[in-house]
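Work through the exercises below with the sequence and the coordinates at hand. Each task is followed by a solution in steps.

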Amino acid sequence: MINAILRFSVERRFLTLSLILVLIGVGLWSFQRLPIDAVPDITNVQVQINTEAPGYSPLEAEQRITFPVETALYGLPDLSYTRSISRYGLSQVTVVFEEGTDLYFARNLINERLGSIKNALPPGLEPEMGPIATGLGEILMYTVEALPGVTQADGSPLDATALREIQDWIIKPQLAQVPGVIEINTIGGYDKQYHVTPSPQQLLQFGITMDELVEALRANNVNRGAGYIERNGQQLLVRSPGQLASIVEIEQVVIANRHGAPVKVSDVAEVGIGKELRTGAATRDGKETVMGTAMMLVGENSRTVAQAVAEKLETIQPSLPDGVKVEAVYDRTTLVDKAIATVEKNLLEGALLVIVVLFLLLGNLRAALITAAVIPLSMLATITGMVQTGVSANLMSLGALDFGLIVDGAVIIVENCIRRLSHAQHNGKLPLRERLQLVFEATNEVIRPSLFGVAIITVVYLPIFALTGVEGKMFHPMAATVVMALLAAMVLSLTVVPAAVAVFMGGKISEKESPVISGAKSLYKPALLVAMKLRWLVLGAATALLLVCIWLATTLGSEFIPQLDEGDIALHALRIPGTGLEQSIEMQSQLEQRLTAFPEVDKVFAKIGTPEVATDPMPPSVADNFVILKSRDQWPNPDKTKDDLVAEMEEAVTQLPGNKYEFTQPIEMRFNELISGVRADLGIKVFGDDMDQLLASALEVQEVLETVEGAADIQVEQVTGLPMLSVHPKRMVLSRYGLNVEDLQALVATGIGGENAGLIYEGDRRFELVVRLPEAVRRDIDSLAFLPIPLPDGSYVPLSEVAELELAPAPNQISRENGKRRVVVTANVRDRDLGGFVEEAQARIAQEVDLPDGYWLDYGGTFEQLQSASARLALVVPITLAIIIGLLIMAFGSIKDALIIFTGVPLALTGGVLSLWLRDMPLSISAGVGFIALSGVAVLNGLVMVAFIRDLWREQGDLVTAVVEGALVRLRPVLMTALVASLGFVPMALNTGTGAEVQRPLATVVIGGIISSTLLTLFVLPILYSMLHRNDRKHKAVEEATT
Amino acid sequence: MQLIKPLYWILVATCLAISPLHAAEDQHDDQDDHKEAQHEAPETKGPHGGLLLQQDGATVELQIFEQGVPPEYRAWVTKDGTPVTDDVDLNVQLTRLGGQEDAFDFAFQGDYWLGNGVVTEPHSFDVEVTLALNGKQYQWQWESHEGRTRIEADIAEQAGIRTAEAGPGSIERTLTAYGRLTTAPEQIARVRARFPGVITKVNVRLGDRVAKGDRLAQVESNESLKTYDLRSPIDGVVIEREISVGEIAGEQPLFAIADLTTLWAELQVFPGQRSEVAVDQKVYVKAEGVDQQATVNYLLPSPDNAPYTLARVKVENPEGALSPGLLIAGDIVVESLEVPLAVNNRALQSFRDWTVVFVQVDDTYEIRPLELGHSDGTLTEVLDGLQAGDRYVVDNSYLIKADIEKSGASHDH
């Protein structure tokens, strides 16, 4: 079949070439649609169900909302697991589906289930699904700020409430229209509310209850339509407007009539613009601010959407009141642009280097151009493939592309064609037919080894597809892209390359042996002869090198997934549970001032607590800080590494009292929040009912773990510690006063939490009308005991008389998993093998921890992934090796030759290990991918070399001559493939731009490995071949007939 | 062969030497190496769960025992593996923040060596253990800190941490009760005509202020046909006038004169508060526009067997701003005393099971678990746990708590 394709390509060479145009067209079209992002998306298929429950404590939120919602989700198809947290005012259930489940399908299922439990939930509470976005979704954040000295219409300074109003009613509606934006999430400021704050004394004075006040407000705030009247042929609509529109109108509402005199709201209460009981705040550069986050719909192109949002922000600016500034503080475009620039630079420089090398070594510009043309063409084909398979262009997926590798096949073909053509032309110019035949033959001669080589490189990427979970999501795109590029190059070298050679190499082919090659040859021949004499020494040295490198490899550190440098810094500032929002803001202000003092820092902003849409439900004690750095040229010391900067920052901020920090990066942080599994090596989850018992059992588990050898960083999830003021009703006393528990609770809830008494409309804008006690009364918990509770007969009783006030710590949040409460104990493992540790821990815990009935344990953590990953790799890697050997045997029909070629793999790896060691880099999956690519290249080199030697041997019959001759003839292609492959990676290995850290280990390994592999191909392989075939006096014809 | 290696190294080296990125520099700053070796806390635990101190064959296991008893030191001494039960001079000296020193001598107690005295909380001190055994001296020293943190002065200043000196204070605890204003019977005078007759003249109108003896009206008696004056029996305001000229005055009251310069608040004291309220207690009377000091004059049971007691409080009303029927709040001072040591309530924080304040010694802050006495809205009496003159954190004390707890302060014995 290959013959047929080749012949077709050569015969119908113009048709073949014109196919290029189709390829270019499709490629360019695809390029427009290629999703571009900085990193691959590692979020799982999940749906968040948020239910806002104002005033609910964690216990109530769990009991009344979380539980029914979780129960409703039982038995969903493709459900992986559910987890939930219940916190003050919020219940969040996260539903995780099996990989590959369609998100929209999943959301539909959930929607249906949620509809069926509406009645089971407390009235007024509405579970809502989170935005359809992934961890990459937060593409742009902006702050709304007032310039200093700016005032509102009434002369008061523009405060957080006013800014929030601007955000909610001017900015957000406009931004939400931008295509690709699924949600504008607001945090910070205060949702404007109209507050009616009655004084308890005044209420008592007129014998009015809070309920009556609320009712009066509700009953006096409605517009009613009243149909229409037809009069004299004209239709008149009838309407009775009764809505309250201003503070004055609210004050005039009559609550009751006492002795003939109306009691108005203003008689018993103050009315004003008040602050909501908010759950989150935002700060910037040490000051409170209002912040919006644009979230991108899943599957959109983050660069496009972020740009569109940023442009929209620009156009919104003029529509804002004077003195209000909206400014994008985080823009994903920056990172994506930087990442793409890095990739582009690497690929361009790599491509240029490859072209130069080709030209130098081939000594023929046309041939070099033909070969180089494979680069853009296969790139276009790859892009088409990426679009079709849904792989986004990012640092990982484009990171492993090496044009050197891609053109390898083409190099070998073109080189051979030139060699054959120039030889043939010694007798003068060839007629067309002969030339075509020659091209066909020359291609055919080397196409098999090079096809096999490409096939083998493709095969070695297979183990990457065996990775699952986060690692899988990181590296699948990389492997997929490389395989696509290689396949594209393979097809091109079968079709376009021979066609182009046939068309364009018609003239006189002068194969000028370039000085580089002739120099190399004159060095190589004596060296090879010497080496063959000292063969035992060479083999011994190679083996020794291999052993040294194996030892070296064990001393290298290792990291599982490389850290992409996002260019900015994010840090969690953690305070003790129970820390209030205002306190957090104060602490935040000090922290931000300290951070902005760094000359490298451009701006610092933070989100504290939970935003409006609880995509990231944090308690008020936790702040997500974003530190946006200036571009490096503005740093006092542009060469300072980011690690150093982070270390300096950490030192500076650790001095601030009351905060604990976790440094990370914006996207990374978001991924962690969403994936949010147990991140320690071992997580022991205790499931059960009673929080106290769960905690007690967890502490027992912790105690046992502490005695297990190798355990480190043992922690019990912090579940308690939220101080709570409980108002316990005294039932007997209540009944004496003719009250019931609900009356009491309603009063406390309305008084402290506030009760919604309707909406105040201002045009489109609508604001809540809330009744609650004045701030001074609410905050004074000492005096709360004296809060008068009105009795039906108009008298009162103090709160302390009918209820017991108790201040005690309570659960700060309740976590559940798969529908059951749980507390997690986490531990890491030091200086011990993970498997053994987990086994011992399990055995010891089973023996020593006595769990009550209805309680059980579950073991999880990264150890599971590590175990399953190593189990899978333990299976897949040998299979891959077997496939490679199998392919080699197929190619040569000789196990011996296959094994000789295969020796190239471990020997190539030595160079990779050495170069990693020299650059002090750890072993990582990136490096691993490099090793994989390397094995492919090593085999390819060996293949070409051995195939040639064997052919020569068959022709000439003398083994040693054949080996030396063959090796010499193959010197040029071997050097060329090696040089192009390694030089193609040089820019990547040296680059320091954004995202380079992912590609650097890979490139380093390949460069080092190719150098060693080339040397080994050139010296060890001929030696091995001649040694192993010394006894085969005669070459068996049968052996060659295959392939 | 000779060619291979150098060639390899040259190639590798040229490729890598041009790299601007050298090995990532060692990030560990060895921050943990500040402490001197001898001051490190012993980490080994002994068979009784105490700290194991070892030196040249002599071991002391030292434990703070606090189950069922106030915290006390217990020790087990062994020499070359055999327990030593006599002839030991064991001494533990604790130096606390601020320089206070506690010394403990040990006596053998059948099973263990018992330190004399209670190890008071917080268990945060520098420990020095000396042991004289068979004429040989052994010594151990380490720091055992809890509930302690260090904050640089400028950062504390910036963070708004303010301290005050603990000292005497006066505590005034109040409870709030509500009630309506009434007038006392002696302050309302209803004026009737002594002899029935015709009103010939009325001198006052509703709301007029009258003095005692002022003429209110003239009545012509039916019997004597003499005209006599109706005079006001008290100073006050005319609040009722039932007659006009020409009417016949009979048995009915004609005028009501009320003296509103003093009113009575009847505060409702509920059973839960009753035991604390007594006659002669000070009361702050509050209503709209009024804030005056008064006294509980009487305590009487409420009418119609309502469950509360009425505290009658006399309220001055010279301006006439108050009127009967108005609801007023009274903050009854149920406790008022001078205490030798009190702390500001803002300084109080909960820490584990204790209520603590944070004392400041230079840049160091440490918890002081307190035994508290009386308290009001601003001050709380300290019975134990703090010395007069100690500087304690008043403003932003939460920050100190947050700082101590964030590092996962342990309470290890």
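**Exercise 1: Positive phi outside glycine**

Classify B:Arg352 as buried, exposed or partly exposed, then describe its backbone and do likewise for A:Asn818.

Solution. B:Arg352 has 14 other C-beta atoms within 10 Å, so it is partly exposed (buried means 20 or more other C-beta atoms within 10 Å of the residue's own, exposed 12 or fewer, partly exposed in between, with C-beta atoms placed from the backbone). The model is predicted: local features need pLDDT of at least 70 and side-chain atom pairs pLDDT 80 or more, while totals for chains, interfaces and linings use all residues. Residues are numbered from 1 along each chain as its sequence is written, with chains lettered from A and ligands numbered from 1 in the order in which they are written.

Next, the backbone: phi of B:Arg352 is near 50 degrees, a positive value in a residue other than glycine. The residue sits in the loop between β26 (349-351) and β27 (354-361) of chain B (helices are DSSP runs of H or I with at least four residues, strands runs of E with at least two, numbered from the N terminus).

For A:Asn818, phi is positive at about 50 degrees, although this residue is not a glycine. A:Asn818 lies in the loop between β29 (814-817) and β30 (820-829) of chain A. With 17 other C-beta atoms within 10 Å, A:Asn818 is partly exposed.

**Exercise 2: A cis peptide bond**

Find the conformation of the peptide bond from B:Glu121 to B:Pro122, and place B:Pro122 in the chain.

Solution. Omega is near -5 degrees, and the bond from B:Glu121 to B:Pro122 is cis. B:Pro122 belongs to the loop between β7 (113-115) and β8 (125-133) of chain B.

**Exercise 3: The surroundings of A:Arg332**

Determine whether A:Arg332 is buried or exposed, and list what it touches outside its sequence neighbourhood.

Solution. A:Arg332 is in helix α11 (residues 332-362) of chain A. It counts as buried because it has 27 C-beta neighbours inside 10 Å. Leaving out residues up to four places away in sequence, A:Arg332 touches A:Ile139, A:Leu140, A:Ser302 and A:Ala306 (contact means C-beta atoms, placed from the backbone, within 7 Å). A:Gly137 is 195 residues from A:Arg332 along the chain, with 9.6 Å between their C-alpha atoms.

**Exercise 4: A helix pair**

Describe the packing of α14 (residues 403-424) and α15 (residues 432-460) of chain A.

Solution. The angle is about 160 degrees and the axes are 9 Å apart (axes are lines fitted to C-alpha atoms, for helices over the stretch in contact, and angles run from 0 to 180 degrees between N-to-C directions). α14(A) and α15(A) are therefore roughly antiparallel (over 145 degrees; under 35 is roughly parallel, 65 to 115 roughly perpendicular, the rest oblique). By class, their contact has 13 nonpolar, five polar and three charged residues (Ala, Val, Leu, Ile, Met, Phe, Trp, Tyr, Cys and Pro are nonpolar, Asp, Glu, Lys and Arg charged, the others, Gly among them, polar).

**Exercise 5: The interface**

Which elements of chain B each supply at least two residues of the side that touches chain A?

Solution. In total, 37 residues of chain B are in contact with 46 residues of chain A. The elements are α1 (4-17), α2 (153-158), β12 (167-182), β25 (327-344) and α4 (397-406) of chain B. The largest share, seven residues, comes from α4(B). By class, this side of chain B has 26 nonpolar, seven polar and four charged residues.

Definitions and conventions: Two residues are in contact if their C-beta atoms, placed from the backbone, lie within 7 Å.
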